[in-house]
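Subject: The structure we talked about

Hi,

Here is the structure I promised to pass on. Could you open it next to this message and follow along as you read?

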Amino acid sequence: MKTECLSDYVKLNGKTYPCTVSLTMDLMGGKWKAVILYHLKDEPKRYSELRKEMPAITEMTLSLQLKQLEKDGLVMRKVFGKKPPVKVIYSLSDFGKSLIPVLEVITKWGNKTVSENGEFIKAT
């Protein structure tokens, strides 16, 4: 029997899921979560650096997704200073770092798919 089928449901951090795939997609799925995790996989970044690397994401969406990733334990937020402007750095937690192999496979698959069936386009 497959590991993910050992029970009817799985539970993590008080949330119940029908299977481990559902749990994984809740944590890193959607349009932006995996992209944010990808941009944090090599080094910690400030909010403004993430915005520059993902110009298509709105400020509100980035802020909300970072908060959700932090709540889920995938991203850590460290604040430097007490008076504005404070410096805030986002980085992957150890739990978040455990997704790096998944992110690399997703990236490799996407690159292969575009190379074989699409095209890479430079922004103008």
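Below is what I found, going from the sheet to a helix and then to a pair of charged residues. Please keep in mind that this is a predicted model.

**The sheet**

The sheet is open and has three strands, in the order β3-β5-β4, with antiparallel pairing. Its edge strands are β3 and β4, each of which pairs on one side only.

If you look at β4 (residues 75–80) and β5 first, you will find six bridges joining them. R77 is a handy landmark there, as it stands opposite Y90 in β5. The hairpin that these two strands form has six residues between them, and G81 takes a positive phi near 95° in it. On the other side, β3 (residues 45–46) pairs with β5 over two bridges, and R46 stands opposite I89 of β5.

How enclosed is strand β5? Residues 87–92 make up this strand, and five of the six are buried, so β5 is largely enclosed by the rest of the structure.

**Helix α4**

Next, have a look at α4, which runs over residues 59–71. From the first C-alpha to the last, its 13 residues reach 18 Å, close to the 18 Å expected at 1.5 Å a residue. Three leucines, L62, L66 and L69, are buried in α4. They cover an arc of only 65° around the axis, so they sit on the same side of the helix. Turn to the face pointing away from that buried side and you will see the exposed residues M60, K67 and K71.

What covers the buried residues of α4? The cover includes three helices, α1 (20–28), α2 (33–40) and α3 (47–53), along with strands β4 and β5. Just after α4 there is a glycine, G73, with a positive phi of about 85°.

**K33 and D72**

I think you will enjoy this part. K33 lies in helix α2, which is mostly covered, with six of its eight residues buried. Those six are K33, A34, I36, L37, H39 and L40.

Which side chain of opposite charge is nearest to K33? That is D72, 4.1 Å away, and K33 has no salt bridge although it is buried. A salt bridge is counted only within 4 Å, so a nearest distance of 4.1 Å does not qualify.

D72 itself lies in the loop between α4 and β4. D72 is also buried without a salt bridge, and K33 is its nearest side chain of opposite charge.

The contacts of these two residues are worth viewing on screen. Leaving out residues up to four places away in sequence, K33 touches D26, L27, M28, Q65, Q68, L69 and D72. One of these, L69, is among the buried residues of α4. With the same sequence neighbours left out, D72 touches N13, L27, K33 and F95.

If you only have a minute, I would start with the pair K33 and D72, which lie 4.1 Å apart, and then go to strand β5, largely enclosed by the rest of the structure.

Happy to go through any of this together.

Best wishes

Key. Residues are numbered from 1 along each chain as its sequence is written. This is a predicted model: local features need pLDDT of at least 70, side-chain atom pairs count only at pLDDT 80 or more; totals for chains, interfaces and linings use all residues. Side-chain values use heavy atoms; hydrogens and water are left out. Buried means under 20% relative accessible area, exposed over 50%, partly exposed in between (1.4 Å probe, protein chains only). Helices (H or I, at least four residues) and strands (E, at least two) are DSSP runs, numbered from the N terminus. Two strands pair if DSSP finds at least two bridges between them. The expected span of a helix is 1.5 Å times one less than its number of residues. The arc is that of the directions from the helix axis to the C-beta atoms. Contact means heavy atoms within 4.5 Å. Lys and Arg count as positive and Asp and Glu as negative; His and the chain ends are not counted.
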